[in-house]
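Subject: Structure handover

Hello,

Here is the structure you asked for. Please open it alongside this note.

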Amino acid sequence: MWGFLKRPIVVTADINLSLVALTGMGLLSRLWRLTYPRAVVFDEVYYGQYISFYMKRIFFLDDSGPPFGHMVLALGGYLGGFDGNFLWNRIGAEYSSNVPVWSLRLLPALAGALSVPMAYQIVLELHFSHCAAMGAALLMLIENALITQSRLMLLESVLIFFNLLAVLSYLKFFSCQKHSPFSLSWWFWLTLTGVACSCAVGIKYMGVFTYVLMLAVAAVHAWHLIGDQTLSNVCVFCHLLARAVALLVIPVVLYLLFFYVHLILLFRSGPHDQIMSSAFQASLEGGLARITQGQPLEVAFGSQVTLRNVFGKPVPCWLHSHQDTYPMIYENGRGSSHQQQVTCYPFKDVNNWWIVKDPGRHQLVVSSPPRPVRHGDLVQLVHGMTTRSLNTHDVAAPLSPHSQEVSCYIDYNISMPAQNLWRLEIMNRGSDTDVWKTILSEVRFVHVNTSAVLKLSGAHLPDWGYRQLEIVGEKLSRGYHESMVWNVEEHRYGASQEQRERERELHSPAQVDVSRNLSFMARFLELQWRMLALRSDDLEHKYSSSPLEWVTLDTNIAYWLHPRTSAQIHLLGNTVIWISGSLALAIYTLLSLWYLLRRRRNIHDLPQDAWLRWVLAGVLCAGGWAVNYLPFFLMEKTLFLYHYLPALTFQILLLPVVLQHISDHLCRSQLQRSVFSALVVAWYSSACHVSNTLRPLTYGDKSLSPHELKALRWKDSWDILIRKH
């Protein structure tokens, strides 16, 4: 029974020294002097702000992508003990002593380093040779743009890591499918594929491209699985269910989890609050939550309210009025009602307050008990500071002549009676008896006499309107738009009938505390919608470029310039690798078309296993390049060279695949193979030479003269060479 104690316990393990060496070299190339330069480099000024917000738990909104990427960078800051106190306002600004530069740049650098051995494993899993796998990994190792991007506090290297992890995991799963379906390793790799895809999408929306590619490949394989007559119906169903859970359900759950953690961490009010709805702002600590603390929930007749436009464009604003009237005659010769101006004002102001009056009563106070306003009730909106009622009539608006002017009614004793009755409609009501609620209810006001809806036109009034935004009455027949919807942001029960007392009341804070916490799903849906709908002003940038310029490397980006020497960092790719990658893609496409045509004629140039291997490599590598590159031609945004890096990694994976294919299947004799191998070695040596030549611009640790800098830009060098000859 105790015989096993008589012999030593021995554990054996297979260690791929090539993989270990590649990992070590990847770490060395990415981590060497990682804190240099100790200054803000290009987009670090952009991401650093968000890291500081995380450290201080301040809410922010970034339309570039989901929050997982920002949280990865913030994790580096947290591990380094960063307190968030640094002013990210200038590229080139030197970091203060409290900024843990090494920790902030560590995770992107690790992701870039681990992408090197991952490329090796992907090519092996595609069943190509060890030499081809080593070639792919070494190209990833020496490519200058990939090194530069992964050594800084940027997200492209992390996105590339999860893209490659998704591909590798699926290939591992596909391999397990052949000999051990539903085994522990089968489940692990399938689940990891879904996790990696979700993380890629969570880093940047560009990750969706690789995720769609993996879903397409999985769908094709599942389709073949359905046609496998050796499997029972139950077995096929279990296969499909497992794939649906791992590749659809888990990514969605993880995506929601990213936002959940994001919203848990960022619970304080910040500079981006105004973009969000009043309900969202009120759920944050400080800011609007401090202002609205204690407001009554139900709006009643006599309530004093401020009304915020839900649309929030061109800027968030509140229904507003002031003593000034519309000009008698506009500049274009049209006449106005000369009534009191009503506008939308983008700042907090006492003139934003309105009183919800019962048309059947004269009092401007809340009765006891309060009578809540419900969907469908008729109301008058009385301006708090001037006591004039919101009015519209058949007079053209100043800037929108096809809509009605909205004003506060002044009685000039002429034949233009007041038309100040409005029907309240709660747009997000659960029933037709719903009560109008502070912050939560989204309402519109329909004019009783003309059926016009109170709407923000978005146009800026001239100087006579203080450049405030125009409010109009829009006919119901013209359809629904968010600019017609309002919500109560600040609210109190009015208690003063006298105007002087009421004005003092409008300036005082409310007292009673009512909680209005939004659910996570409500906050997630609003935040996601704002991220997708928000459009930043994409101005032309000095270093912006077009997708066509990326392929030919006809562009670069100056990331950092030393303030005292000529040392600098540029995002500049290895010319040999980029051009060779494009040639490999063209060769793969032409060969594939040739093989397809000949197979159509029943001529099989490749054995079936070699053909399937060739097709799978093309779908993943050439397909990965296509889905990560071609969509940029449809995007209306400022683009930069680094947007091409995810597509470039798939080109690099394809390059050794094409080279091995040429050697194995197109070189007919041993002599041809020997010559071709010698050419490949020479080609790779030239790639290494270019990488070493560009090293000063990759690491920025050497001063360069203007002539040396010009010589390092391949286009300039080519022009010099032509002129010499």
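Below is what turned up, from the domains down to single residues. Please keep in mind that this is a predicted model.

Domains

The domain assignment splits the chain into domain 1, domain 2, domain 3 and domain 4. Two of these are built from separate stretches of sequence: domain 1 takes 37-99 + 266-289, and domain 2 takes 112-153 + 540-724. Domain 3 covers 155-261. Domain 4 covers 303-493.

Where domain 1 meets domain 4

I looked at this pair in some detail. The centres of domain 1 and domain 4 are 37 Å apart, taken over C-alpha atoms. Domain 1 puts 9 residues into the contact, and domain 4 puts in 8.

The size of an interface is often quoted as the accessible area lost when the parts come together. Here domain 1 and domain 4 bury about 560 Å² between them. Carbon and sulfur atoms account for 56% of that area.

What holds polar groups together across this interface? One residue pair is in polar contact between domain 1 and domain 4, with both residues at pLDDT 80 or more. The salt bridge count across the interface is 0. On the domain 1 side, helix α11 (residues 278-282) gives the most, with 4 residues. The side of domain 1 that touches domain 4 has 5 nonpolar residues, 4 polar and no charged.

The MIR spans

An unreviewed UniProt entry places the feature "domain: MIR" at residues 296-359, 370-427 and 431-491. I have figures for two of these spans. Residues 296-359 are 0% helix and 41% strand, with the end C-alpha atoms 22 Å apart. Residues 431-491 are 0% helix and 44% strand. The end C-alpha atoms of that span lie 23 Å apart.

Salt bridges

How many salt bridges does a search of the whole structure find? The search gives 14. One pair to look at is K348 with E490, where the closest N and O atoms are 3.5 Å apart. This pair links distant parts of the chain, 142 residues apart. K348 sits in the loop between β3 (340-345) and β4 (353-357), while E490 is in strand β12 (residues 486-493).

Backbone points to check

Most peptide bonds are trans, and most residues other than glycine have a negative phi. Three places depart from that pattern.

- Y36 and P37 are joined by a cis peptide bond, with omega about -5°. P37 is in the loop between α1 (17-31) and α2 (44-56).
- S368 and P369 are also joined by a cis peptide bond, with omega about 0°. P369 is in the loop between β4 and β5 (378-383).
- F182 has a positive phi, near 65°. F182 lies in the loop between α7 (156-179) and α8 (184-203).

Best wishes

Key
Residues numbered from 1 in each chain as written. Predicted model: local features only at pLDDT ≥ 70, side-chain atom pairs only at ≥ 80, totals over all residues. Heavy atoms only, no water. Domains from an automatic or database assignment. Contact = heavy atoms within 4.5 Å. Buried area = accessible area lost by both parts, 1.4 Å probe. Salt bridge = Lys/Arg side-chain N within 4 Å of Asp/Glu carboxyl O. Polar contact = N/O pair within 3.5 Å; in protein donor to acceptor, adjacent residues only side chain to side chain. Helix = DSSP H or I, 4+ residues; strand = E, 2+ residues; numbered from the N terminus. Nonpolar A, V, L, I, M, F, W, Y, C, P; charged D, E, K, R; others polar. UniProt positions renumbered as here; feature names shortened; annotations may be inferred.
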